[in-house]
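Please open the model in a viewer and keep the sequence panel visible. The tour below proceeds by selections, each followed by a description of what is found there.

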Amino acid sequence: MWRRLCPRSEMGCHITLQSGQVFSWRQIQGQWLGVVDRHVVALREVDADIEYSCLNEPEADTKLQNVLHSYFRLDDNLSELYHAWMEPEDKFSPAFRSLPGLRLIRQNPLECLFSFICSSNNNISRVTQMLDKLRAAHGDALGTYESVPLHAFPTLAQLRAIEEADLRTMGFGYRAQYIVKSAKILEDLGGDEYLAGLRQNPDAAHVQSALTQFSGVGRKVADCIALFSLDKLEAIPVDTHVWQIACRDFRAKAHKSLTPTVYAEVGKLYQDRFTPFAGWAHSVLFAAELAAFRPAKTSPSTKRKKAEVEPAPAKKAKRIRTRAQTA
């Protein structure tokens, strides 16, 4: 049973779900399959629309529609945001023009916190594999679809029951201790209610500071969590790509290292240019720097001309870095 979610002009599934802000979706036979809360959701692009279906609760209607409406932030008109970001026309406009449809996702804060604890110094493919293992081993089973077993993200109680040695056996390495320690910290702070309180807190600086008390969470990971799950749309996660954009396009002064002062200065450049949706705009500019999306910035005619005068380069494996990749 398929229902309309939004126009295709308001969301591109590939760029939204594969740009490094979420790790719970996969493309299977032309559809996107993922878990939102405890709903197994399929998305497909049909004509001018994005449609959705709930695979584990076929009769789900209004409730799931509201969940997805919040998850994909459909109250925000993306076409209007892109138009505002490209006014006035400047060096940033081509990136926005080349990557239409990137929606910012409002994730469950618990899942986002532990996902980005796993993401530092990592790439999207490996983070996705790690989190798939975590769900399969410790989350509730939600059924098998297209031969793919799907699970809910573990609850805090389920995370608290995990031994560090088990995570190391599953390939989490040094991140295993971060997960175990952070689960204990979150329990002591009040669990899901504590994270919900951070979402309601309007002070982005306070939220970033509060998140850094979790093991394995620095200011960059904290800003990822704040932006992708806690409604802090001014948060700017600064990594190598974001810093390079600031130096190249904002003409930021070059520094030898990304100190806290430089980190704040880089973030302010984006905030001054793109407020009040600076974090969202920055996510599009970040995605435009990723190898997986860079071909979209080159027109077919340009690529043909280049091919006529240059030999084809040797193929290399592409690794998409996560939002929390260190500078």
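Helices (H or I, at least four residues) and strands (E, at least two) are DSSP runs, numbered from the N terminus. This is a predicted model, in which local features need pLDDT of at least 70, side-chain atom pairs count only at pLDDT 80 or more, and totals for chains, interfaces and linings use all residues. Residues are numbered from 1 along each chain as its sequence is written, and side-chain values use heavy atoms, with hydrogens and water left out.

**The whole protein**

Begin with everything displayed: the protein contains 16 helices and 7 strands. Of its 327 residues, 50% are buried; buried means under 20% relative accessible area, exposed over 50%, and partly exposed in between (1.4 Å probe, protein chains only). A contact means heavy atoms within 4.5 Å. Among contacts between residues at least 6 apart in sequence, 69% join residues at least 24 apart.

**The sheet**

Next, select the strands of the open sheet, which has 5 strands in the order E1-E5-E4-E3-E2, with antiparallel pairing. Two strands pair if DSSP finds at least two bridges between them. At the edges are strand E1 (3–7) and strand E2 (25–28), each of which pairs on one side only. From one strand to the next, the twist averages 30 degrees. Axes here are lines fitted to C-alpha atoms, for helices over the stretch in contact, and angles run from 0 to 180 degrees between N-to-C directions.

Now move to E2 and E3, which run antiparallel and are joined by 4 bridges. Gln-27 stands opposite Trp-32 in E3. The hairpin of these two strands has 2 residues between them, and in this hairpin Gln-29 takes a positive phi near 50 degrees.

Continue to E3 and E4, an antiparallel pair with 5 bridges. Here Val-35 stands opposite Val-40 in E4. To complete the view, add helix H2 (residues 62–71), which lies across E1, E2, E3, E4 and strand E5 (49–54) and runs at about 70 degrees to E4.

**Backbone exceptions**

Most residues other than glycine have a negative phi, and most peptide bonds are trans. Several selections depart from this pattern.

Select Asp-37, in the loop between strand E3 (31–36) and strand E4 (39–46). Asp-37 has a positive phi of about 55 degrees although it is not a glycine. Is Asp-37 buried or partly exposed? With a relative accessible area of 44%, Asp-37 is partly exposed.

Arg-251 comes next, in the loop between helix H13 (240–249) and H14. Its phi is near 60 degrees, a positive value in a residue other than glycine. Arg-251 is exposed, at a relative accessible area of 66%.

Two peptide bonds then deserve inspection. The bond joining Glu-87 and Pro-88 is cis, with omega about -5 degrees; Pro-88 belongs to the loop between helix H3 (78–85) and helix H4 (93–98). The bond from Thr-275 to Pro-276 is also cis, and its omega is near 15 degrees. Pro-276 is in the loop between helix H14 (260–274) and helix H15 (278–289).

**Two buried residues**

From that loop, step into helix H15 and select Trp-280. At 0% relative accessibility, Trp-280 counts as buried. Leaving out residues up to four places away in sequence, Trp-280 touches Arg-73, Asp-76, Leu-78, Leu-81, Trp-85, Leu-102, Arg-103, Leu-104, Leu-227 and Leu-233. The C-alpha atoms of Trp-280 and Glu-234 are separated by 8.1 Å, although the two residues are 46 apart along the chain.

Then select Ser-119, in the loop between helix H5 (109–117) and helix H6 (124–138). Ser-119 is likewise buried, at 0% relative accessibility. Which backbone oxygen does the side chain of Ser-119 reach? The partner is the backbone oxygen of Phe-116, at 2.9 Å.

**The second largest pocket**

Finally, display the second largest pocket, with a volume of about 290 Å³. A pocket is an open set of points on a 1 Å grid over the protein atoms alone, where a 1.4 Å probe fits, with protein on both sides within 12 Å along at least five of seven lines; lining residues have an atom within 4 Å of a point. Grid points are joined across faces, edges and corners, and a volume is the space filled by probe spheres set on the points.

Of the 14 lining residues, the closest to the centre are Asp-37, Asn-108, Leu-110, Phe-153 and Asp-192. H5 and helix H10 (192–200) each supply at least two residues of the lining, and H10 gives the most, with 4 residues.

How values were computed
Polar contact = N/O pair within 3.5 Å; in protein donor to acceptor, adjacent residues only side chain to side chain.
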